[in-house]
Amino acid sequence: MNYENPLIVQGDRSLLLDVHAPLAEECRNALIPFAELEKSPEHLHTYKLSPLSLWNAASAGFSADDAIAVLQKFARYDVPQSIVMWIKEISSRFGKIKLIAGPDIEVPVKEGSAENIVEHYLYLVADSLPVFKEIGANHSVKKMLTSTLENDGAPEYSFLLKLTDRGTIKQLLLQAGWPVKDEVALADGEPLNVNLRETTSHGKPLNIREYQKNSARALVGDKGPGTGFGTIVLPCGAGKTIVGMTIMDMLKTSTLIITTNISAVHQWIDELLDKTDLTADQIAEYSGENKEIKQVTVATYQVLTWRPDKEGPYPHFSIFHERPWGLIIYDEVHMLPAPVFRVVADLQAIRRVGLTATLVREDGCEGYVFSLVGPKRYDVPWKELERDHWIASAECIEVRVDLPMNQEIEYAVSTAREKHKIASMNPDKIPIVKEIIDKCPSDKILVIGQYLQQLDEIVQILGCPIITGKTPNSERDKIFNDFRSGKIRVLVVSKVANFAIDLPDASLAIQVSGTFGSRQEEAQRLGRILRPKEQKSRFFTLITRNTVEEEFGSNRQKFLAEQGYEYKIVRYDGELDIEE
């Protein structure tokens, strides 16, 4: 028992972190690999242990003993024995069921036919008879499995499984509480001799940072069974694109890259031409504007999930089979649309990597990313990279604004969704935006919001450019380039700029409205100003007091609080005290 320690471990698997204790920051960083933040008020932050958080940790080499050691090191009171036993039991489930290569079996094309085709099978292997029996009794999976107990040459406690059911079985078993360790070798795909340059096409030395090398190595492994798939978690601004290109250099194979929007497609292509020896005729853009397929193809999630009929097929899913891809990169994998998971389930023989700043998904599909794209292979605390100056330091400031008196009754009688819109579009936020901009003349500023009417009003007052979903791609790229070059200092953006946009010189962001309580959006928006720079970045969020926006704002901040960012809360009283 040590009353100076910061952590209280409770029998319900919740962890209370006293943020004022001497070792609080060290403890928070130690919890990141295996625990999830749930609440982050002023004094005690609440973390939760979950099976998925422990399995992600186990897949990245962080064992049950490592997790228990962290709890015992920082715990103020004795760690409950039930928690120790639960961590060991849940963590041990990772690896108790494996997928390994199976036989090729000839089967008739149809019953009574003399023609045969060869079907590829895998073995789903349990490590014990009880686990084998439990899987066999699971109604959702047993229809895909054939017991091999009587078959010669099959591993003990194994089932036969069609290769085409590889992804589906992993999804279903994860839902049943059994993560599958996939040890089937992956296909090499079409060779492509792609190499990172030593000097970029702009004449700058290309130095791959140690954590970027380590994350690529963690994914590629020895290229043997059980390697070549997974998710890499790095902050915005930490160079996830470089990691993707490093993996391409290591695997040297034809690559499909899927990202969030057309601007991100163009950025990927520019980065590939700048930092690898690929030529323009080896890279294609597959989007709403251009639909070419080459050895390296960069596509958008939007074009892949488009279909002419709401109930019909997705015509552009064919891109996944147009070439013998050896690598698929899912950029911003936390945004992977649900329809694409159907295809990803069929693409289990291809090496794949998900790149993201946060594994948080507001739709609860983190398990799909784990089972279909792959478990977390590498993660670095944001504050660790900030300490080493790989990303900018940032100050988060929440400014609370009163709702105008003439809107109080309207707000009181509105539905929950209308209340969020009224609070978000509080007209008294707009003069505060102008005040912040006027008091920060040396900053390059992004104003970010959810509601276009609100953003249009801000643009009319500021006289600056705006980018929304309706902005033509050519105009969008020109505005982004003007912002990067310094021709414009203030840029208003809708949620289209939440993801995969590189604005390295942005040093201040003003968030006037957001998507309800989206934690992933908060992380991405802060990420827009985390590119390394000399000055400290600042992230202002304008919140309407005593409304649902306060509650949503608190939820949005969870992920950043987990990474060690504190929100300074200021009540607006007619003027902000801002140091330039």
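Contact here means that heavy atoms lie within 4.5 Å of each other. The structure is a predicted model. By that contact criterion, and leaving aside neighbours within four places in sequence, Ser254 touches Glu190, Leu192, Lys294, Gln295, Arg323, Pro324, Trp325, Gly326 and Leu327. Leu327 belongs to strand β14, which spans residues 327–331 and is largely enclosed by the rest of the structure, because five of its five residues are buried. The points below begin with this strand and then turn to the sheets and helix pairs.

**Strand β14 and its partners**

- The side chains of β14 point in two directions: Leu327, Ile329 and Asp331 go one way, Ile328 and Tyr330 go the other, and all are buried.
- Strand β11 (residues 255–259) runs parallel to β14 and is joined to it by four bridges.
- Within that pairing, Leu256 has Ile328 of β14 as its bridge partner.
- Strand β15 (residues 351–356) also pairs with β14, in the parallel sense and over five bridges.
- In β15, Val353 stands opposite Ile329.
- Helix α13 (residues 338–346) carries the chain from β14 to β15, and the resulting β-α-β crossover is right-handed.
- Pro339, Val340, Phe341, Val343, Val344 and Ala345 are the buried residues named for α13.
- Those buried residues of α13 pack against β14 and against the helices α7 (166–175), α12 (319–322) and α14 (366–373).

**Ser254**

- Ser254 is located in the loop that connects α9 (240–251) with β11.
- The relative accessible area of Ser254 is 0%, so the residue is buried, given that the cut-off for burial is under 20%.

**The four-stranded sheet**

- Four strands form an open sheet in the order β1-β2-β4-β3, and their pairing is antiparallel.
- The edge positions are held by β1 (7–9) and β3 (36–39); each has a single partner strand, so one side of each is left without a neighbour in the sheet.
- On average, and with direction ignored, neighbouring strands of this sheet are turned by 30° against each other.
- Strand β2 (residues 14–18) is antiparallel to β1, and three bridges join the two.
- Across this pair, Leu16 in β2 stands opposite Ile8.
- Helix α1 (residues 24–31) lies across β1, β2 and β4 (44–48), and runs at about 150° to β2.

**The seven-stranded sheet**

- A further open sheet contains seven strands in the order β19-β20-β18-β21-β22-β17-β23, with parallel pairing.
- Its edges are β19 (466–467) and β23 (567–571); each has a single partner strand, so one side of each lacks a neighbour in the sheet.
- Strand β17 (residues 394–401) and β23 run parallel and are joined by five bridges.
- Lys568 in β23 stands opposite Ile397.
- Helix α18 (residues 429–438) packs on this sheet, where it touches β17, β18 (445–448), β20 (490–493), β21 (508–511) and β22 (537–544).
- The direction of α18 makes about 165° with that of β22.

**Helix pairs**

- Helices α10 (residues 262–275) and α20 (residues 473–485) pack with their axes 10 Å apart, at an angle of about 60°.
- The two helices α10 and α20 are therefore oblique to each other, and their crossing is right-handed.
- At this contact, Ile262, Ser263, His266 and Gln267 of α10 meet Asn473, Arg476, Asp477, Phe480 and Arg484 of α20.
- Helices α7 and α14 pack at an angle of about 140°, with their axes 9 Å apart.
- This angle makes α7 oblique to α14, and the crossing of α7 past α14 is right-handed.
- In this second pair, Gly167, Lys170, Gln171, Leu174 and Gln175 of α7 meet Gly367, Tyr368, Phe370, Ser371 and Leu372 of α14.

**Asn56 and its surroundings**

- Asn56 has its place in helix α2 (residues 51–59).
- A relative accessibility of 9% means that Asn56 counts as buried.
- Leaving aside neighbours within four places in sequence, Asn56 is in contact with Leu359, Phe370, Pro375 and Lys376.
- Gly367 is 311 residues away from Asn56 in sequence, while the C-alpha to C-alpha separation is 9.9 Å.
- Both Gly367 and Phe370 also appear among the α14 residues that meet α7.

Technical notes. Residues numbered from 1 in each chain as written. Predicted model: local features only at pLDDT ≥ 70, side-chain atom pairs only at ≥ 80, totals over all residues. Heavy atoms only, no water. Buried < 20%, exposed > 50% of the residue type's maximum accessible area, 1.4 Å probe, protein only. Pairing = 2+ DSSP bridges. Right-handed = clockwise from strand over helix to strand, strands pointing away. Axes fitted to C-alpha atoms, helices over the stretch in contact; angles between N-to-C directions. Parallel < 35°, antiparallel > 145°, perpendicular 65-115°, else oblique. Left-handed = near helix turned anticlockwise from the far one by under 90°.
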